[in-house]
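Me: I am new to this structure and would like a close look at a single part of it, the nonpolar core. Please describe what builds it and what lies around it.

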Amino acid sequence: MRQKQRIGLFGSIKTMTITAMLTAMSVVIGIFCKNFLNFGAGPYAGLFRITFENLPILAVGLMFGPIVGGVSGLATDVISYFLSRQVYPINPLVTLGAMAIGLVAGLVSRYLVRQPGKIRIVLSCAAAHLVGSMILKPLGLYQFYGVAVLWRIPLYLAIAPVEIILLCLLYRNKTVHALLDGKGGHREYSTSH
């Protein structure tokens with residue numbers, strides 16, 4: 001019991017470890033994409049980039065719920081901002097969008113679509129991308145790019161299905177299947193909340 005109190009919102013060392021690994025993976029993917037898959041130039045630098053940095057955040061939200069998912073999204077955005085060659089200053093609304101990715105995925109999978117399976121993955125990830133990637137992040141980036149930020153919406157209409165397909169393919173693995181269905185050792189967030 002004392003061990004659980006020491007690790008706070010994560011509930012177990014296993015949850016904290018998996019969350020830390022997926023958050024680090026998201027940071028690495030984000031830095032790579034921000035630095036090497038960025039197709040905007042001049043005033044549009046940073047606007048057009050292909051990135052799959054949300055995939056690990058979505059997985060955290062699905063596995064461990066909205067709070068842990070939101071913390072993972074927040075940490076990913078802040079850490080990758082400081083480690084990449086970001087062209088605009090840190091923006092609380094963009095960070096809120098990254099946080100919303102994990103938060104919404106966790107909320108939808110825990111409270112709206114509780115039946116385990118691929119439908120839960122699809123609906124949770126689609127809602128997370130709608131709120132975080134297509135509404136909050138563009139609102140935050142509007143001050144830097146103006147209406148050109150609307151090009152990010154069709155970009156995420158292509159990226160979101162790829163991330164959803166990858167999560168569904170990962171779902172075939174028994175270990176990932178158990179984690180995404182809430183049977184991976186984190187009972188506090190999986191069925192009781």
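Reply: The nonpolar core

In this predicted model, the largest nonpolar core holds 27 residues, and those that touch the most other members are Leu58, Met63, Ile121, Cys125 and Leu167. Several helices contribute to this core: α2 (13-36), α3, α5 (92-112), α6, α7 and α8 (174-180) each supply at least two of its residues. The largest share is that of α3, with 8 residues.

Some background on the whole chain helps to place these helices. The chain has 9 helices and 0 strands, so its elements, read from the N terminus, run α-α-α-α-α-α-α-α-α. Of its 193 residues, 50% count as buried. Contacts between residues at least 6 apart in sequence join residues at least 24 apart in 73% of cases.

Cysteine 125 is a useful place to start within the core. Leaving aside neighbours within four places in sequence, cysteine 125 is in contact with Leu58, Leu62, Ile164 and Leu167. Two of the residues named for touching the most other core members, Leu58 and Leu167, are thus among the contacts of cysteine 125.

Cys125 also belongs to the contact between two helices, α6 and α7. Helix α6 covers residues 118-145 and helix α7 covers residues 152-170; they pack at an angle of about 150 degrees, with their axes 10 Å apart. Angles over 145 degrees count as roughly antiparallel, and α6 and α7 are therefore roughly antiparallel to each other. The crossing in which α6 passes α7 is right-handed. On the α6 side, the contact is made by Lys118, Ile121, Val122, Cys125, Ala126, His129, Ser133, Met134, Lys137 and Leu141. On the α7 side, the residues are Arg152, Ile153, Tyr156, Leu157, Ala160, Glu163, Ile164, Leu167 and Cys168. By type, the residues of this contact divide into 13 nonpolar, 2 polar and 4 charged.

Helix α3, the source of the largest share of the core, spans residues 54-64 and includes isoleucine 57. Isoleucine 57 has a relative accessible area of 1% and is therefore buried, the cut-off being under 20%. Not counting residues up to four places away in sequence, isoleucine 57 touches Ser26, Gly69, Ser72, Gly73, Thr76, Ala98, Ile101 and Gly102. One of these contacts, glycine 69, is 12 residues from isoleucine 57 in sequence, and their C-alpha atoms are 6.2 Å apart in space.

Methods
Residues are numbered from 1 along each chain as its sequence is written. This is a predicted model: local features need pLDDT of at least 70, side-chain atom pairs count only at pLDDT 80 or more; totals for chains, interfaces and linings use all residues. Side-chain values use heavy atoms; hydrogens and water are left out. Axes are lines fitted to C-alpha atoms, for helices over the stretch in contact, and angles run from 0 to 180 degrees between N-to-C directions. Helices (H or I, at least four residues) and strands (E, at least two) are DSSP runs, numbered from the N terminus. Angles under 35 degrees count as roughly parallel, over 145 as roughly antiparallel, 65 to 115 as roughly perpendicular and the rest as oblique. A crossing is left-handed if the near helix is turned anticlockwise from the far one by less than a right angle, and right-handed if clockwise. Contact means heavy atoms within 4.5 Å. Ala, Val, Leu, Ile, Met, Phe, Trp, Tyr, Cys and Pro count as nonpolar, Asp, Glu, Lys and Arg as charged, and the others, Gly among them, as polar. Buried means under 20% relative accessible area, exposed over 50%, partly exposed in between (1.4 Å probe, protein chains only). A nonpolar core is a set of buried Ala, Val, Leu, Ile, Met, Phe, Trp, Tyr and Cys residues joined through side-chain atoms within 4.5 Å.
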